[in-house]
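Open the model in your viewer and get ready to select residues. We will go stop by stop.

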Amino acid sequence: MLATTGLKRSELGPRGRRLVRHEGKQVLIIAEQAQLFAVANRCPHEGYPLSEGTIGPECVLTCNWHNWKFDLATGNALVGRDPVRTYEIAERNGEIFIDVADPPALERRTRALGGLKAAILDNDRPRMAREVARLERAGFDAGEALVRGFELCNDRLEDGMTHAHAAAADWLLLASRAETPAERLAAQLEPLGHIAWDTEGAGHFPYPEAVSEWNEADFVAAIEAEDETAAIAQVRGALAQNFPYLSIRPAIGEASLAHYADFGHCAIYTLKAGQLIERLGGEVAEPTLLALTRMLVRSTREERLPEFRGYARALSEWDGTGNAGVNAKDFLGLSTEGALRRTLASSGRPMRELYDALLGAAAFNLLHFDSGYERATNNAIADNVGWLDFTHALTFANACRHICDERPDQWPRAALQLALFVGRNRKYVHPDGDGARWRVDDHRAFLDLALKALYDHGIPEPIIACHRLKVLLAIEDELGTAPDAPWVETICAAVNRYLHTPMKRHHGLRIATQALDFVGKEE
């Protein structure tokens, strides 16, 4: 509804402008070229007052801080991204009237989601924040922004699911624990920024449209055959039949552990996909499951590499009769073949005992990682290892425990693959390192403080921040299940060291050295 401003055109001053304040709003009235305009006074970029701006030909208003330009008639940004809000304005009997009421909530939602799409495509994190805040201010759940983000980016994921999906559930959990609105929004923005980062400049890779009636065995077979069309058809069938994720997760879990797949990512993503659907609801199921399925189809099968080839033989020899007692020390320093043999020797022990031993050995390796390998510039490509090669053993173990709780028949695969992690990483461990200095006395306080720091982590690469979060929540989950397990002290010390040791992320000299060596040996 138009309401009087009490102003006449002659009162707009020599520049034809007047700032009107109403219930917290600042509205700039402009008379230009015999027309009247009303726009929000704060530039939508960073809030500079547009009353200090410059008006050019064709009624274009320029914000003089960063040179953003706006069409006064529509509010559209001609230079820059966010439009500026316009208000209905009219002149009656020489008096100026404007309508400062907010648009209907659904209109504001549509505008915010449209702006969010543009922000994701531009990988513009500040604008993402503004649009999510606008969505919430209009009365809608910020989770909708994440659903729309995953839908928008899904067919730009050539290899399917990424850490953006896998960590989204964890960021949402962190958002639910926030103590301030800013902390909550910061956590909600992380997966949005991550999916934008992952898909910036990407092409389009549509998913097959075929639909088949869900069949667990057919789905597992399609993944094994690396047949994306058949596997996606199975998932689309499950969605069409309204199957909840929990009902199809056992098959996905089986497929994820069918190989030492993608350095444990397949199992981790299987767990996290379910948590994401649980926290965001059914709307996110389709983009999540399509991306997960593509990732499972395209994942590497690393047991085919020479150093892991003993895995298939060990799996065929698993008979559940090995009765040797086992603890973490039994695995330290063993090669992959040695770790596999030691796992078989205890295959008949309670699985929790074997799991604790393997998880404890993985924690020891993390605590004693020789970080010189990460800093090296003249190592072989196969030795390009870093902290994430070690933390993945912990998050993989956590995922396996959940998968195998549903499918105990998968424990042989899970245990032997965890043994591969332990054996593979032993080459990069310095067992005499000073692990005692990283001891944690109050485990709960340590986790709380480390999680709190992630609201403002200051890490530019989303994948590094999300790994920290995933590790912390995996350890929190493990401690909640087994607070007195034998690995508790080691795992907390190891994560403490990981969090507080600078991580080298750009390897310019290493890349150059390895490239020269590689090209020099080309025929």
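How do the residues lining the second largest pocket divide into nonpolar, polar and charged? There are 7 nonpolar, 4 polar and 6 charged residues in that lining. Keep in mind throughout that this is a predicted model.

**Stop 1: the second largest pocket**

Stay with this pocket. Its volume is about 310 Å³. Select Asn384, Val385, Gly386, Asp389 and Arg505: of the 17 lining residues, these are the closest to the pocket's centre. Now colour helix α15, residues 387–406. This helix provides the largest share of the lining, 4 residues.

**Stop 2: the whole chain**

Zoom out. The protein chain has 20 helices and 10 strands. Its C-alpha atoms fill a box of roughly 95 × 55 × 55 Å along the principal axes. Of its 523 residues, 54% count as buried. Look also at how the chain meets itself. Take the contacts between residues at least 6 apart in sequence: 71% of them join residues at least 24 apart.

**Stop 3: the largest pocket**

Next, select Ala40, Arg85, Tyr87, Asp102 and Arg134. Among the 36 residues lining the largest pocket, these lie nearest its centre. The volume here is about 1200 Å³. Three elements give two or more residues to the lining: β3 (25–32), α1 (105–122) and α2 (125–137). Colour α2 for the largest share, 6 residues. Which classes of residue line this pocket? The lining has 17 charged, 10 nonpolar and 9 polar residues.

**Stop 4: strand β9**

Select Ile89. This residue is found in strand β9, residues 88–92. Show what surrounds Ile89. Beyond its neighbours within four places in sequence, Ile89 is in contact with Leu2, Ile29, Leu36, Phe37, Ala38, Ile96, Phe97 and Ile98. Now draw a distance line to Tyr455. Ile89 and Tyr455 are 42 Å apart, C-alpha to C-alpha, and 366 residues apart in sequence.

**Stop 5: the nonpolar cores**

Go to the largest nonpolar core, which has 145 residues. Select Trp171, Leu192, Phe219, Leu292, Phe331 and Val495, the residues that touch the most other members. Helix α13 (residues 351–367) gives the most to this core, with 12 residues. Another core lies apart from it, with 28 residues, among them Leu36, Ala38, Ala40 and Cys63.

Return to Leu292 and show its surroundings. Leaving out neighbours within four places in sequence, Leu292 is in contact with Met161, Tyr245, Ile252, Tyr269, Thr270 and Ala273.

**Stop 6: helix α16**

Select Ala415 in helix α16, residues 411–425. Is Ala415 buried or exposed? Ala415 counts as buried, because its relative accessibility is 3% and buried means under 20%. Setting aside neighbours within four places in sequence, its contacts are Trp318, Thr343, Leu354 and Leu358. Then measure across to Arg21. The C-alpha atoms of Ala415 and Arg21 are separated by 67 Å, with the two positions 394 residues apart along the chain.

**Stop 7: the aromatic pairs**

Show the rings. The count comes to 13 aromatic pairs. Try Tyr48 and Trp65: their ring centres are 5.4 Å apart and their planes are at 50 degrees, so the pair is tilted. Tyr48 sits in the loop between β4 (35–40) and β5 (54–56), and Trp65 in the loop between β6 (60–62) and β7 (69–71), so the pair ties together parts that are 17 residues apart in sequence. Tyr48 is partly exposed, at 30% relative accessible area. Trp65 is partly exposed too, at 45%.

Move on to Tyr260 and Phe308. This pair is edge-to-face, 5.1 Å centre to centre with 80 degrees between the planes. Tyr260 and Phe308 are both buried. Add Phe263, Phe396 and Phe421 to the selection: with Tyr260 and Phe308 they form one aromatic cluster.

**Stop 8: the largest cavity**

How many cavities of 30 Å³ or more does a search of the whole structure find? The search finds 3. The largest has a volume of about 50 Å³. Select its lining: Ile223, Glu224, Ala255, Ser256, His259, Ala261, Cys266, Leu296, Ser299 and Arg301. Both α6 (216–224) and α8 (245–256) supply at least two of the lining residues. By class, the lining has 5 nonpolar, 3 polar and 2 charged residues.

Conventions
Residues numbered from 1 in each chain as written. Predicted model: local features only at pLDDT ≥ 70, side-chain atom pairs only at ≥ 80, totals over all residues. Heavy atoms only, no water. Core = buried A, V, L, I, M, F, W, Y, C linked by side-chain atoms within 4.5 Å. Buried < 20%, exposed > 50% of the residue type's maximum accessible area, 1.4 Å probe, protein only. Contact = heavy atoms within 4.5 Å. 1 Å grid on protein atoms, 1.4 Å probe; cavity = no way out; pocket = protein on both sides within 12 Å on 5 of 7 lines; lining within 4 Å. Points joined across faces, edges and corners; volume = space filled by probe spheres on them. Nonpolar A, V, L, I, M, F, W, Y, C, P; charged D, E, K, R; others polar. Phe/Tyr/Trp six-rings, centres within 6.5 Å; stacked < 30°, edge-to-face > 60°.
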